[in-house]
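Biologist: I'm new to reading structures, so could you take one part of this one and go through it slowly with me? Please explain the terms as you go.

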Amino acid sequence: MNRELFSSTGIQMLDLLLCEKLEECRGQCIEMDIFVYTPIDRAMRALGIDTQELLRLFGDLIRNAARSIVKAADTQRDILVMIACNGQEELEFQFYDNGVPFPKSVLAHLGERHNEEAGTGNGLADMMEVLDRVKASLEIRPLENDADIFTKKICIRFDGKGERNIKTDK
């Protein structure tokens, strides 16, 4: 049902990947919502980010979110993905989930290869290479509002600054 609820990213292969991830999450009893407020095809071409890099970035971040949710004891299982422009007209990819926090060791060595508790350990390293190349900023932080259903947020901002804002504790 959620498949019809998000607008196209402007990149057909990414749209298909997001539909696949919706189905995978549904199979794991994870509610996933995707909101696309702006197509990203032109912006990605202008930045020199190819479709394979985008597929890897979205696939890895959604897979990591689902793994962290499965590890959490909470019965509510949610992922939210948003693609939008912020108030400064900068493109952002935002990922929210209610899984366990990132291990501090992973965040301390973010971008290094084989630095994960599950998987190949290359997903975050691949993401960081792309973000560094295009000088996109990255924010990873726990959410501090206890009333919120989400426990953490990852925001990739295409602002040309290449800033890193990584928080591990509330």
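Modeller: Let's look at the sheet and what packs on it.

A quick heads-up: this is a predicted model, in which local features need pLDDT of at least 70 and side-chain atom pairs count only at pLDDT 80 or more, while totals for chains, interfaces and linings use all residues. Residues are numbered from 1 along each chain as its sequence is written, and side-chain values use heavy atoms, with hydrogens and water left out.

The sheet is open and mixed, with 6 strands in the order 1-2-3-5-4-6. Helices (H or I, at least four residues) and strands (E, at least two) are DSSP runs, numbered from the N terminus. Two strands pair if DSSP finds at least two bridges between them. Strand 1 (31–36) and strand 6 sit at the edges with a single partner strand each, so one side of each has no neighbour in the sheet. From one strand to the next, the twist averages 10°.

Now the pairs. Strand 2 (residues 78–85) and strand 3 (residues 91–97) run antiparallel, joined by 7 bridges; I79 is bridged to D97 in strand 3. Helix 3 packs on the sheet, touching strand 1, strand 2, strand 3 and strand 5, and its direction makes about 20° with that of strand 3. Axes here are lines fitted to C-alpha atoms, for helices over the stretch in contact, and angles run from 0 to 180 degrees between N-to-C directions. Contact means heavy atoms within 4.5 Å.

Strand 4 (residues 137–142) pairs with strand 5 (residues 152–158) in the antiparallel sense over 6 bridges, and L138 has I156 as its bridge partner there. Strand 4 is also parallel to strand 6 (residues 164–166), with 3 bridges. Of the 6 residues in strand 4, 5 are buried, meaning under 20% relative accessible area, with exposed over 50% and partly exposed in between (1.4 Å probe, protein chains only).

I156 turns up again in the largest nonpolar core: among its 45 residues, F58, F93, F95 and I156 touch the most other members. Helix 3 contributes the most to this core, 9 residues. Such a core is a set of buried Ala, Val, Leu, Ile, Met, Phe, Trp, Tyr and Cys residues joined through side-chain atoms within 4.5 Å.

Finally, L61 lies in helix 3 (residues 51–71). L61 is buried because its relative accessible area is 5%. Beyond four places in sequence, L61 touches F95, L124, M127, I154 and I156.
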